[in-house]
Amino acid sequence: KRSHLSIGMLSYSKKTLRIELDKYLQYLGINLPLKELELKGHIIPMSPRKAPFIRRRIMLAGDSAGFVDPITAEGISYALQSGFLASQALLQSKMELRGVKEYYERAINKEIVREIKIAKVLAKVIYGPPALRSYLFKMAGDHFCKALTKIINGEKTYFDYLTDFKSYRRFSTRFYKVLFPELKR
C-alpha cells in the first residue's frame with residue numbers, strides 16, 4: 001500500500017464529505033488538492049428499508065435490508081443475525097411462505113429494527129450539535145463508552161439499556177452532579 005492511501009469516512013451529507021475529507025488530509029499533513037486524488041466511495045444504508053423484508057421467495061438480510069448500526073456504521077453483526085433469523089424462519093415454518101414471512105418479519109422487527117431505531121436516536125445526539133455532545137460526554141462519557149463496548153461485544157443491546165432503570169439512575173446522578181455541583185446527594 002505504498003502507492004495509495006485508504007481513508008474511511010462517514011457523513012450524513014454528500015455536500016460536506018469532500019470538505020471534511022480535505023480538512024482531514026490537511027490535519028494529516030497531506031497537502032494534495034482533491035482534484036488530483038482518485039476518490040471512491042460507497043453508500044452505506046443507515047436505515048432499514050421501509051418495504052417488507054420478504055417478498056415472494058426473496059428474503060432481505062444485512063446491507064440489502066439496510067441493517068447497519070447508525071452509531072458505528074457496522075453491519076456484519078446484523079448481516080449474520082438476519083441470516084440466522086432467515087434460516088430460523090425457514091426451519092420453524094417448514095418452508096411455508098406465509099409462515100416464513102410472518103416469523104421473519106416479527107423476528108427482524110423485534111431483534112434488529114428496534115435496535116437500529118434506538119441507535120438512530122442516539123446517533124443524532126452523538127453526531128448532532130457539538131455542544132450537546134460535549135455536555136453529555138462530560139456528564140456520562142465514561143458510562144456511555146462502557147455501555148457501547150458491551151453493545152459492540154454483544155453482551156447487551158441498546159434496548160437492554162433503554163429499559164434498564166439503573167442506567168437512568170446512574171445518568172441522573174451524573175446529571176445532577178454536573179448541573180448542581182454545590183448540592184450534596
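**Helices, salt bridges and surface**

Reader: Lys23 and Glu20 are three residues apart in helix H1. By about how much of the helix are they separated?
Author: This is a predicted model. Residues three or four places apart in an α-helix point the same way, because a turn takes 3.6 residues. Lys23 and Glu20 sit three residues apart in H1, so the separation is about one helical turn.

Reader: How far apart are the N and O atoms where the side chains of Lys23 and Glu20 meet?
Author: The cut-off for a salt bridge is 4 Å, from a Lys or Arg nitrogen to an Asp or Glu carboxyl oxygen. Lys23 is partly exposed at 49% relative accessibility, and Glu20 is partly exposed at 38%. Their side chains form a salt bridge, N to O, at 3.5 Å.

Reader: Which residue does Arg98 pair with in a salt bridge?
Author: The partner lies in helix H3 with Arg98, four residues apart, about one turn of the helix. The closest N and O atoms of the pair are 3.3 Å apart, and the partner is Glu102.

Reader: Is Arg98 buried or exposed?
Author: Exposed means over 50% relative accessible area. Glu102 has 40%, so Glu102 is partly exposed. Arg98 has 62%, so Arg98 counts as exposed.

Reader: Which helix holds Lys146 and Asp142?
Author: The side chains of Lys146 and Asp142 meet in a salt bridge at 3.1 Å, N to O. Lys146 is exposed at 51%, while Asp142 is partly exposed at 48%. The two are four residues apart, about one turn, in residues 130-152, which is helix H4.

Reader: How many salt bridges does the protein have?
Author: One joins Lys23 and Glu20. Arg98 and Glu102 form another, as do Lys146 and Asp142. The count comes to three.

Reader: Where does H3 bend?
Author: H3 covers residues 97-126, 30 residues in all. From first C-alpha to last it reaches 41 Å, close to the expected 44 Å. The bend is about 40°, at Asn109.

Reader: Which backbone nitrogen does a side-chain oxygen of Glu96 reach at the start of H3?
Author: The oxygen of Glu96 comes to within 3.0 Å of that nitrogen. The residue carrying the nitrogen also forms a salt bridge with Glu102. The nitrogen belongs to Arg98.

Reader: Which residue in the loop between H2 and H3 has a positive phi?
Author: Ala73 has a phi near 60°, but Ala73 lies in the loop between strand E2 and helix H2. At 23% relative accessibility, Ala73 counts as partly exposed. The residue between H2 and H3 counts as exposed at 70%. Its phi is near 50°, and it is Lys94.

Reader: How much accessible area does the nonpolar patch with Leu5 have?
Author: Leu5 lies in the segment before helix H1. At 54% relative accessibility, Leu5 counts as exposed. Its patch partners on the surface are Met9, Leu17, Tyr24, Tyr27 and Leu28, and together the patch has about 610 Å².

Reader: What pattern does the protein follow along the sequence?
Author: The protein has six helices and two strands. Of its 185 residues, 26% count as buried. Read along the sequence, the pattern is α-β-β-α-α-α-α-α.

Methods: Residues are numbered from 1 along each chain as its sequence is written. This is a predicted model: local features need pLDDT of at least 70, side-chain atom pairs count only at pLDDT 80 or more; totals for chains, interfaces and linings use all residues. Side-chain values use heavy atoms; hydrogens and water are left out. The expected span of a helix is 1.5 Å times one less than its number of residues. The bend at a residue is the angle between axes fitted to the seven residues ending there and the seven starting there. A polar contact is a pair of N or O atoms within 3.5 Å; within protein, one must be able to donate a hydrogen and the other to accept it, and residues adjacent in sequence count only if both atoms are side-chain atoms. Buried means under 20% relative accessible area, exposed over 50%, partly exposed in between (1.4 Å probe, protein chains only). Patches are made of residues with over 30% relative accessible area and no salt bridge: like charges are joined within 9 Å, nonpolar side chains (Val, Leu, Ile, Met, Phe, Trp, Tyr) within 5 Å. Accessible areas come from the Shrake-Rupley method with a 1.4 Å probe; for residues, only the protein chains shown count as cover.
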